[in-house]
Amino acid sequence: MERSLSMELVRVTEAAALASARWMGRGCKEEADDAATSAMRDVFDTIPMKGTVVIGEGEMDEAPMLYIGEKLGTGYGPRVDVAVDPLEGTNIVASGGWNALAVLAVADHGQLLHAPDMYMDKIAVGPEAVGKIDINRSVTENLKAVARSKNKDVEDVVATVLNRKRHEHIIAELREAGARIKLIEDGDVAGAINTAFDHTGVDILFGSGGAPEGVLAAVALKCLGGEIQGRLLPQTEEERTRCGKMGVDVTKVLLMEDLVRGDDAIFAATGVTDGELLKGVQFKGTYGATHSVVMRAKSGTVRFVDGRHSLQKKPNLVMRG
Ligand code: VTB
């Protein structure tokens, strides 16, 4: 994969963020998602690559944009698999909340887990705690492990958990152990990535969220030297059959290498609303300001990109050529 692809890919998440940010706080999650998806689709087609969507907005028969199997790019250049979440946090944008992102990951063909759209149990940490966590152990044991590896007390550890009824037992155990908790309403991709950036103040993520989001977070954490472990949680017989057909063992713990193989992968995200890691889009009259992160697993380079996008020269967000 060419390294110049990184900068091209940021253009994609920037466009998605700019388009969906118009909907901030307006109570319209579908409109926000559609805006992100169609902007992302438009910019992808200007990029020199032979891409195929492996994690996207749905199956081909549902015919959404960015469906699984859809071809992206100019058709010339590296053959890559693409995972997208044009708007990670549709509810967040609808309510003007925190940490909505436009997200994508690209890897050499065949390297990303084709995660079905179902729940995945997850545990994620930054570089210091790599190799110390285990999704099969209790919340308390994992808390102690992360505390030890960061030279802290358990009381100093901040755990992020999606605020869901299904996580009541996790939250109860965290409280019992004395950890500090950040309950988030949506957006566990940001929740997982934040564990790898010290200044976010977050140490570990627990709980179940979308499996596709788990793969996206895995690519980011691979670039950052962090770790996520996952386990698929099919809720129905149909979902179980689906896993069987895909050859995914639902009892198996999915480790980094299962989620994203090898080390040639790129991750890009642009903030749609403000978060611990990225600022959200701001409209300044003549230009839109974006804040993105783009990183590559092979080199471990992490770049934060501040963008200024002329709303006069590029009113449709895409400039061809
Ligand atoms: C999480 C979160 C997403 O879905 O994966 C969550 O990161 C899981 O689903 O932003 P539930 O909402 O059913 O708990 C989102 O909230 C939306 O994709």
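User: Before we look at the ligand in this predicted model, what counts as being near a molecule?

Analyst: A residue is near a molecule if one of its heavy atoms lies within 4 Å of it. Read that way, this predicted model has a ligand surrounded by Glu88, Gly89, Tyr119, Leu162, Arg164, Arg166, Asp186, Gly187, Asp188, Gly209, Gly210 and Glu213.

User: How does the shell around the ligand divide by class?

Analyst: Charged residues number six in that shell, alongside four polar and two nonpolar ones.

User: Which residues put polar atoms close enough to the ligand to count as contacts, if the cut-off is 3.5 Å?

Analyst: Let me take three cases. The side chain of Tyr119 has an N or O atom 2.4 Å from a ligand oxygen. Glu88 also uses its side chain, with a polar atom 2.8 Å from an oxygen of the ligand. Gly187 takes part through its backbone, where an N or O atom lies 3.0 Å from a ligand oxygen. As for cover, the ligand taken alone exposes 410 Å², and the protein buries 76% of that.

User: Where does the ligand sit?

Analyst: Its place is the largest pocket, which holds about 870 Å³ of space.

User: Which residues lie nearest the centre of that pocket, and how many line it?

Analyst: The lining has 35 residues, and those nearest the centre are Asp85, Glu88, Asp117, Pro212 and Glu213. Two of these names should be familiar, since Glu88 and Glu213 also appear in the ligand's surroundings. By class, the pocket lining comprises 15 charged, 11 nonpolar and nine polar residues.

User: Which elements build the pocket lining?

Analyst: At least two residues each come from the helices α2 (29-44), α3 (90-95), α7 (211-224) and α8 (237-246), and from the strands β1 (50-55), β3 (79-88) and β8 (204-210). The most is given by β3, with four residues.

User: Pockets are open. What about enclosed spaces: how many cavities of 30 Å³ or more are found in the whole structure?

Analyst: The search finds three, and the largest has a volume of about 50 Å³. Around that largest cavity are Asn99, Leu101, Ala190, Ile193, Asn194, Phe267, Ala269, Leu277, Leu278 and Val293. Two elements, α6 (188-194) and β10 (265-271), give two or more residues to this lining. Of the contributors, α6 gives the most, with three residues.

User: And what classes of residue line the largest cavity?

Analyst: Eight are nonpolar and two are polar, with no charged residues. Set that beside the largest pocket, whose lining includes 15 charged residues.

How values were computed:
Residues numbered from 1 in each chain as written. Predicted model: local features only at pLDDT ≥ 70, side-chain atom pairs only at ≥ 80, totals over all residues. Heavy atoms only, no water. Polar contact = N/O pair within 3.5 Å; in protein donor to acceptor, adjacent residues only side chain to side chain. Areas by Shrake-Rupley, 256 points an atom, 1.4 Å probe, with all protein chains shown as cover. 1 Å grid on protein atoms, 1.4 Å probe; cavity = no way out; pocket = protein on both sides within 12 Å on 5 of 7 lines; lining within 4 Å. Sits in = over half its atoms within 2 Å of the grid points. Nonpolar A, V, L, I, M, F, W, Y, C, P; charged D, E, K, R; others polar. Points joined across faces, edges and corners; volume = space filled by probe spheres on them.
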